[in-house]
Amino acid sequence: MDRPETRLENVNARITAAAKLARRTDPITLIAVSKTHSAEAIRPLIAAGQRVFGENRVQEAQAKWPALREARPDIALHLVGQLQSNKADEAVSLFDCIHSLDRSSLVAALARAMDKAGRQVPCFVQVNIGAEEQKGGCAIAELPALLAEARAADLPLAGLMCVPPFGIEPAPFFALLGKLADDNGLAGLSMGMSDDFETAITLGATHVRVGSALFGARE
Ligand SMILES: *Cc1c(COP(=O)(O)O)cnc(C)c1O
């Protein structure tokens with residue numbers, strides 16, 4: 001298997017090529033999604049210069065990251081998984097960005113947690129872009145109301161996030177998320193994973209969340 005440094009170089013080269021193809025010059029953030037992977041698997045990527053990482057569970061991130069960050073205080077940690085309201089305090093103290101704001105109760109919980117901590121953590125609103133029953137994210141029809149609530153609560157909004165339905169062409173879903181962001185005056189687009197980040201970049205992704213292409217398959 002290739003070395004992690006080689007995988008990182010390869011993903012970064014593919015990001016650069018996709019951006020060039022789309023004639024984009026604005027920054028694109030690679031979030032290395034390290035969920036399920038050990039500190040030993042993460043360290044080589046940090047050594048190779050990667051500084052933005054993603055986790056999907058608060059507890060797992062709490063167990064792994066304080067030690068990893070001690071050596072490198074410039075690391076940013078993003079939460080890319082569902083968040084329970086009762087974990088809002090922990091999430092606000094641990095993460096630098098939250099990609100899974102998807103309901104009113106969480107707006108309230110995060111606003112309270114940020115007030116309490118005196119710390120502003122940018123949030124992406126997750127949209128259930130394929131209207132899938134089992135998936136997280138706010139319904140498209142409910143997005144304007146949720147954004148209004150978030151703005152009223154002074155939550156720092158980074159943009160919109162989605163995970164398109166599995167196994168079908170993602171481009172129309174990425175394009176739709178881009179349109180929703182435009183319509184609602186939001187700049188950030190968190191979309192694209194290992195199998196489709198180049199397509200997402202072509203359609204305006206500002207943040208791509210890449211796991212297995214960097215770390216290998218998860219068990
Ligand atoms: C796991 C995960 C990713 C990364 O997925 P890969 O297919 O391994 O790149 C991205 N986004 C979210 C929300 C995830 O849960």
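## The second largest pocket

The lining of the second largest pocket is made up of two nonpolar, four polar and four charged residues. In this predicted model, the residues that form this lining are Asn56, Arg57, Val58, Gln59, Gln82, Leu83, Gln84, Lys87, Asp102 and Arg103, and the volume of the second largest pocket comes to about 170 Å³.

## The largest pocket

The largest pocket holds about 680 Å³ of space, and it is here, in the largest pocket, that the ligand sits. A set of 26 residues lines the largest pocket, and those that lie nearest its centre are Lys35, Val163, Met193, Arg209 and Arg218. Sorted by class, the lining of the largest pocket contains eleven nonpolar, nine polar and six charged residues.

## The shell around the ligand

Around the ligand stand Val33, Lys35, Val80, Met161, Met193, Ser194, Arg209, Val210, Gly211, Ser212 and Arg218. This shell is composed of five nonpolar, three polar and three charged residues, with Val33 and Val80 among the residues that surround the ligand.

## Polar contacts and burial

Three of the surrounding residues can be described through individual atom pairs with the ligand, beginning with Ser194, which places a polar side-chain atom 2.5 Å from an oxygen atom of the ligand. For Gly211 the pairing involves the backbone, since a polar backbone atom of Gly211 lies 2.7 Å from an oxygen atom of the ligand. In the side chain of Arg209, an N or O atom is 2.9 Å from a nitrogen atom of the ligand, and Arg209 is also one of the residues that lie nearest the centre of the largest pocket.

Returning to the ligand as a whole, it exposes 390 Å² when taken alone, and 88% of that area is buried by the protein.

Technical notes. Residues are numbered from 1 along each chain as its sequence is written. This is a predicted model: local features need pLDDT of at least 70, side-chain atom pairs count only at pLDDT 80 or more; totals for chains, interfaces and linings use all residues. Side-chain values use heavy atoms; hydrogens and water are left out. A residue is near a molecule or strand if one of its heavy atoms lies within 4 Å of it. A polar contact is a pair of N or O atoms within 3.5 Å; within protein, one must be able to donate a hydrogen and the other to accept it, and residues adjacent in sequence count only if both atoms are side-chain atoms. Accessible areas come from the Shrake-Rupley method with a 1.4 Å probe; for residues, only the protein chains shown count as cover. On a 1 Å grid over the protein atoms alone, a cavity is a set of points where a 1.4 Å probe fits but cannot get out, and a pocket is an open set with protein on both sides within 12 Å along at least five of seven lines; lining residues have an atom within 4 Å of a point. A molecule sits in a cavity or pocket if more than half of its atoms lie within 2 Å of its grid points. Ala, Val, Leu, Ile, Met, Phe, Trp, Tyr, Cys and Pro count as nonpolar, Asp, Glu, Lys and Arg as charged, and the others, Gly among them, as polar. Grid points are joined across faces, edges and corners, and a volume is the space filled by probe spheres set on the points.
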